[in-house]
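Here are my notes for a colleague coming to this structure for the first time. Please read them with the sequence and the model open beside the text.

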Amino acid sequence: MILQALYEHYQRLLDDPASGVAPPGYSRVKVSHALSLDKNGNLVDILSLRYEQNKKSIPQVMCVFEQIDHSVEINANYLCDNGSYVLGLEVEKKDKQTLVFNKRKFEDFRNKNMELLKNVRSDEADAVLRFLVKWDE
């Protein structure tokens, strides 16, 4: 009986966009930037998705494919991740001012997303696939 009540409560929360509850298989995460690609997969721009609130820059909360924890292993997420996976670029740990290319993280992101999109037929998926093939440091 308790499980049924919890399930029904979850279903009501799903119907309410203001609840902040993500559907199964998805996560609500803070997203700061988006890549703008042309149809050939060229990186056109990096767009800020932040908004100003009380003089602070706040990332948007978006519903994306369920996110995996990066705490121990290299394990990319689908279509939405941090810059060290999506672009392979991260700040060097020694001097914290130099960008370095993390090939392993980017290749994990590339491989997972190419597998996900390989049978998707859309201009947007094609642009992402072209980007993943072309991009290097």
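1. In this predicted model, F65 is a useful residue to start from, and because its relative accessibility is 32%, F65 counts as partly exposed. F65 takes part in an aromatic pair with Y78 that is edge-to-face, with 6.4 Å centre to centre and 75° between the planes. F65 lies in strand 6, whereas Y78 lies in the loop between strand 6 and helix 2 (83–86), so the pair ties together parts that are 13 residues apart in sequence. Y78 is itself partly exposed, since its relative accessible area is 32%.

2. The structure holds four aromatic pairs. One of these is formed by Y26 and F65, and it is stacked, with the ring centres 5.7 Å apart and 15° between the planes. This pair links distant parts of the chain, given that Y26 belongs to strand 1 (residues 26–31) and F65 to strand 6 (residues 60–65), 39 residues apart. Y26 counts as partly exposed because its relative accessibility is 37%. Taken together, Y26, F65 and Y78 form one aromatic cluster.

3. Which residues make the nonpolar surface patch of about 410 Å²? The patch is made by Y26, F65 and Y78, together with L79 and L116. L116 is located in helix 3 (residues 103–117), and with a relative accessibility of 33% it counts as partly exposed. For membership of such a patch, a residue must have over 30% relative accessible area, and the value of 43% for L79, which is partly exposed, is in keeping with that cut-off.

4. L79 deserves a second look for its backbone. Most residues other than glycine have a negative phi. L79, however, has a positive phi of about 65° although it is not a glycine, and its place is in the loop between strand 6 and helix 2. K55 is another residue to check, as its phi is near 65°, a positive value in a residue other than glycine. K55 is found in the loop between strand 4 (51–53) and strand 5 (56–58), and because its relative accessibility is 86%, K55 counts as exposed.

5. L79 also appears in the description of the largest pocket, which has a volume of about 830 Å³. How many residues line the largest pocket, and which lie nearest its centre? The lining is made of 31 residues, of which H33, L79, C80, D81 and V86 lie nearest the centre. Several elements contribute to this lining: strand 1, strand 2 (33–37), strand 6, helix 2, helix 3 and helix 4 (123–134) each supply at least two residues. The reader may wish to trace these elements in the model while keeping in mind that L79 belongs to the nonpolar surface patch as well.

6. Side chains of opposite charge can pair when their charged atoms come close. A search of the whole structure finds four salt bridges, and among them is the one in which the side chains of K103 and E107 meet, at 3.9 Å from N to O. Both K103 and E107 lie in helix 3, four residues apart, about one turn of the helix. E107 is partly exposed, because its relative accessible area is 31%.

7. Another salt bridge joins the side chains of D108 and K112, at 3.7 Å from N to O. Being four residues apart in helix 3, D108 and K112 are separated by about one helical turn. E115 forms a salt bridge with K118, and here the closest N and O atoms are 2.9 Å apart. K118 counts as partly exposed because its relative accessible area is 41%.

8. For the overall setting, the chain has four helices and eight strands. Read along the sequence, these elements follow the pattern α-β-β-β-β-β-β-α-β-β-α-α. The C-alpha atoms fill a box of roughly 55 × 40 × 30 Å, taken along the principal axes. Of the 137 residues of the chain, 24% count as buried, and in this context a residue is called buried when its relative accessible area is under 20%.

Methods. Residues are numbered from 1 along each chain as its sequence is written. This is a predicted model: local features need pLDDT of at least 70, side-chain atom pairs count only at pLDDT 80 or more; totals for chains, interfaces and linings use all residues. Side-chain values use heavy atoms; hydrogens and water are left out. Patches are made of residues with over 30% relative accessible area and no salt bridge: like charges are joined within 9 Å, nonpolar side chains (Val, Leu, Ile, Met, Phe, Trp, Tyr) within 5 Å. Accessible areas come from the Shrake-Rupley method with a 1.4 Å probe; for residues, only the protein chains shown count as cover. Buried means under 20% relative accessible area, exposed over 50%, partly exposed in between (1.4 Å probe, protein chains only). Rings of Phe, Tyr and Trp (its six-membered ring) pair if their centres lie within 6.5 Å; planes under 30 degrees apart count as stacked, over 60 as edge-to-face and the rest as tilted. On a 1 Å grid over the protein atoms alone, a cavity is a set of points where a 1.4 Å probe fits but cannot get out, and a pocket is an open set with protein on both sides within 12 Å along at least five of seven lines; lining residues have an atom within 4 Å of a point. Grid points are joined across faces, edges and corners, and a volume is the space filled by probe spheres set on the points.
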